[in-house]
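Biologist: Hey, I've just opened this one and don't know my way around yet. Can you walk me through it?

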Amino acid sequence: QKACEVVTATGLVAAPERKGLCNVPEDRKVEFAEALYGLLHGEGEYYDRFTRWTSALAHRKAKRIKWPVATVLPALMKPAEHVCVKARPFAKEANWLAPQLVVGKTPDATVYERLRKMTVRLSEQLSERDIAPRDLLDVRTFVVLAFKPKHLAMITGG
């Protein structure tokens, strides 16, 4: 359960959302480990690896898989390439940068790829304005903080 320990230490995923990661039933541990290895190190289409991963996370002890737990480990492993998605602020950001993108509550490989591309584009835009993020974890922090009411008021002058 090293994955659980790592994710718990980061603070990127709320405790209730970690259940699918931290409470894997004994009869699902092999499937879980193979899906995680495939996600992080596998070959082939990321869509397939992500879908297998989210399926492995969905078990009887996990009521519903949420975006942060499905996306945190790739983001920690390759922060310049992957992003840890938090649904509500990313959906709000998508309203500005990708208006046709609908971010549902359940992680989806196609939506993740579009969110990842949107985040890369936002990173480039921030860099053009001399606010160079180190990686997509920095961009995630920007997105999450930007849509907090007090920060949004500062940006919009409200």
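Modeller: Sure. From the N terminus on, the elements go α-α-α-α-α-α-α-α-α. Keep in mind that this is a predicted model.

Biologist: How many helices and strands is that?

Modeller: Nine helices and zero strands. The radius of gyration is 16 Å, close to the 15 Å the globule rule gives for 158 residues, so the protein is as compact as a globular protein of that length.

Biologist: And what does the C-alpha trace span along its principal axes?

Modeller: About 55 × 30 × 30 Å.

Biologist: OK, what share of the residues is buried?

Modeller: Buried residues are 43% of the 158. As for contacts between residues at least 6 apart in sequence, 59% of them join residues at least 24 apart.

Biologist: Let's zoom in on α8. Which of its residues are buried?

Modeller: Helix α8 covers residues 136–146, and the buried ones there are Leu 136, Leu 137, Val 139, Arg 140, Val 143, Val 144 and Ala 146.

Biologist: What goes on at the start of α8?

Modeller: Asp 135 has a side-chain oxygen within 3.0 Å of the backbone nitrogen of Leu 137. Leu 137 is one of the buried residues I just listed.

Biologist: Switching to the outside: how much area does the protein expose?

Modeller: About 9100 Å², with carbon and sulfur atoms supplying 53% of it.

Biologist: And how many positive and negative side chains are there?

Modeller: There are 26 positive and 18 negative ones, and the centres of the two sets are 9 Å apart.

Conventions
Residues numbered from 1 in each chain as written. Predicted model: local features only at pLDDT ≥ 70, side-chain atom pairs only at ≥ 80, totals over all residues. Heavy atoms only, no water. Buried < 20%, exposed > 50% of the residue type's maximum accessible area, 1.4 Å probe, protein only. Helix = DSSP H or I, 4+ residues; strand = E, 2+ residues; numbered from the N terminus. Polar contact = N/O pair within 3.5 Å; in protein donor to acceptor, adjacent residues only side chain to side chain. Rg over C-alpha atoms; globule rule 2.2 N^0.38 Å. Contact = heavy atoms within 4.5 Å. Areas by Shrake-Rupley, 256 points an atom, 1.4 Å probe, with all protein chains shown as cover. Lys, Arg positive; Asp, Glu negative; His and termini not counted. Charge placed at Lys NZ, Arg CZ, Asp CG, Glu CD.
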